[in-house]
Amino acid sequence: MTMHTRTLGTTGPQVSALGLGCMGMSALYGEADRAESIATIHAALDAGITLLDTGDFYAMGHNEMLIGEALRTAPAALREKAQVSVKFGALRDPDGAWSGYDGRPAAVKNFAAYSLQRLGVDHIDVYRIARLDPDVPVEETVGAIAELVEKGYVRHIGLSEVGAATIRRAAATAPVSDLQIEYSLISRGIEEEVLPTTRELGISVTAYGVLSRGLISGHFTPDRRLAPNDFRAVSPRFQGENLQHNLGLVEALRAIAAQKGVTVAQIAIAWVLSRGEDIVPLVGARTRERLAESLGALDVTLDEADLDAIERAVPADAAAGDRYPAAQMAHLGSK
C-alpha cells in the first residue's frame, strides 16, 4: 500500500490521498468504542493518512475532543503531519436536535475559539461552514474565515454542500481551497455543475459518504437492526423497498469486485479515487479493521473496462431514495 498525496486546490495544503472522516466515532451511527476510535486514528496516521475531518457539532464537541486526545497521544512525528478540517455553524440543543445554522462573522470567530481549545491546536488547517446560513451572505461568512487566516488561527478556507453560484461568490471574496460534499457511486449530483465549477476555479473536493454510510460497503444486510440514534434508521435510502433496490446494486458491484479479487468497499473507494487528482475521498472507518480494508483501495487499479463494467452495474441516478430526509435536504445548497 502506497499513500500518495493530493493537493487541496491551488491554494491549499498537500494531504494524503485518503482522509479519515471521524464523525461516526462520536455520533449518528450508534455506539462507538472510544479506545478503538483513538487506536483507529493512530493507525490512520501511522499508515500515512494526514487529513482528519470533523465538525464542532458532532456530539456537541465530543468528536473534536476525541481527535484532540488522539493527537496528544500520537507520536510527535505523526502529530505534526496531521491536518484537521473542521466544519462549524450547525446549531444543536441539549436534546441533540438541530435548530439551523449560524454564519454570522461574530459566530464564526466564536466557533473557532472553542474548536481550537477542544482540539488542543493553535490553528485549524481547513475551516468551513457545514451548511450555508440562509440569512447571512456567504461573503460575510467567508470574509470572517479570511480574517482568521490573517491572524493565523486558520490556514485555509473551505466550503461544504453548496452549489456552483455560491462557490463562485465565495471564491470572489477570498481564496477557497476545498469543497466538501457527498460523492460516491450512488451520489453523483456534483458531476453536472459543481465539479466543473470547482475545477475551473482550482478548488479541490473532499468527498464524504464514499460508501454511502455503509450502504455500498458490502457489509450492510437487510435484516440489520439499527440503534435509535443511528442516522440510517431514518435515511430514505435505508428504508423498505429503497433498501432492497440499493442492496441489489451492491450485489452487482460485488460481482465486479470478486473478479478483481477485492472487496465491494475497496472498489467503491477506488472508483471515487479514479475521478480525478483533485478529489480526496474521506473514509468513515470507526475500527482498525475497517480502516485496513479502506486503505486497500489504494492498491486497486481500475482500467477502462472496469470503469465501464461499474457504470453498467451502478449507473448514475440508480439509487432509490434521497441522501437525507426531506427536512435536511432542504438545507442542501443547489445555488
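Hi everyone. Let's start with the inside of this protein: buried residues make up 58% of its 335 residues. Before we go further, please keep in mind that this is a predicted model.

So what are the building blocks? The secondary structure comes to 12 helices and 12 strands. The radius of gyration is 19 Å, close to the 20 Å that the globule rule gives for 335 residues, so the protein is as compact as a globular protein of that length. If you lay the C-alpha trace along its principal axes, the spans are about 55 × 45 × 40 Å. And here is a number about the fold: take the contacts with a separation of 6 or more, and 75% of them are between residues 24 or more positions apart.

Now let's look at two helices, beginning with H6, which runs over residues 164-173. Which residues of H6 are buried? They are Ala-164, Thr-166, Ile-167 and Ala-170. Looking down the axis of H6, you would see these buried residues fall within an arc of 160°, so they line one face of the helix. And what do the buried residues of H6 pack against? Their partners are helix H5 (138-150), strand E9 (154-160), strand E10 (176-182) and helix H7 (194-201).

Helix H11, residues 304-313, is our second example. Its buried residues are Asp-306, Leu-307, Ala-309, Ile-310 and Ala-313. Around the axis they cover an arc of only 160°, which puts them on the same side of H11. The cover over these buried residues includes helix H8 (240-260) and helix H9 (264-273).

What about the face of H11 turned away from its buried side? That face carries the exposed residues Glu-304, Ala-305 and Arg-312. Let's stop at Arg-312 for a moment. Is Arg-312 buried or exposed? Its relative accessibility is 64%, and exposed means over 50%, so Arg-312 counts as exposed. In sequence, Arg-312 and Leu-253 are 59 residues apart, while from C-alpha to C-alpha they are 9.6 Å apart in space.

Next, let's visit a stretch of loops. Find Ala-27 on your screens, in the loop between strand E3 (19-21) and helix H1 (34-47). With 12% relative accessibility, Ala-27 counts as buried, because the cut-off for buried is under 20%. Which residues does Ala-27 touch, not counting those up to four places away in sequence? The answer is Tyr-58 and Ala-59. There is also a distance to look at here: Ala-27 and Phe-57 are 30 residues apart along the chain, and their C-alpha atoms are separated by 9.5 Å.

That brings us to Ala-59 itself, which sits in the loop between strand E4 (51-55) and helix H2 (62-73). Ala-59 is partly exposed, with a relative accessible area of 24%. Its backbone deserves a look too: phi of Ala-59 is near 55°, a positive value in a residue other than glycine. Met-60 is also placed in the loop between E4 and H2. Phi of Met-60 is near 50°, again a positive value in a residue other than glycine. As for its surroundings, Met-60 is partly exposed, with a relative accessible area of 44%.

Our next stop is Ala-90, in strand E6, residues 90-92. Ala-90 counts as buried, at 6% relative accessibility. Who is in contact with Ala-90, once we leave aside its neighbours within four places in sequence? Phe-57, Trp-98, Gly-100 and Tyr-101 are. You may remember Phe-57 from the distance to Ala-27. For another distance, try Leu-249: it is 159 residues from Ala-90 along the chain, and the two C-alpha atoms are separated by 33 Å.

Last stop: the empty space inside. How many cavities of 30 Å³ or more does the structure hold? It holds 1. The largest cavity has a volume of about 50 Å³. Its lining is made by Glu-182, Ser-212, Arg-213, Leu-215, Ser-235, Arg-237, Phe-238, Asp-322 and Arg-323. Sorted by class, that lining has 2 nonpolar, 2 polar and 5 charged residues.

To wrap up, here are three things to find on your own screens: the one buried face of H6, the positive phi of Ala-59, and the residues that line the largest cavity, Arg-213 and Arg-237 among them. Thanks for listening!

Note on methods
Residues numbered from 1 in each chain as written. Predicted model: local features only at pLDDT ≥ 70, side-chain atom pairs only at ≥ 80, totals over all residues. Heavy atoms only, no water. Buried < 20%, exposed > 50% of the residue type's maximum accessible area, 1.4 Å probe, protein only. Helix = DSSP H or I, 4+ residues; strand = E, 2+ residues; numbered from the N terminus. Arc of directions from axis to C-beta. Contact = heavy atoms within 4.5 Å. 1 Å grid on protein atoms, 1.4 Å probe; cavity = no way out; pocket = protein on both sides within 12 Å on 5 of 7 lines; lining within 4 Å. Points joined across faces, edges and corners; volume = space filled by probe spheres on them. Nonpolar A, V, L, I, M, F, W, Y, C, P; charged D, E, K, R; others polar. Rg over C-alpha atoms; globule rule 2.2 N^0.38 Å.
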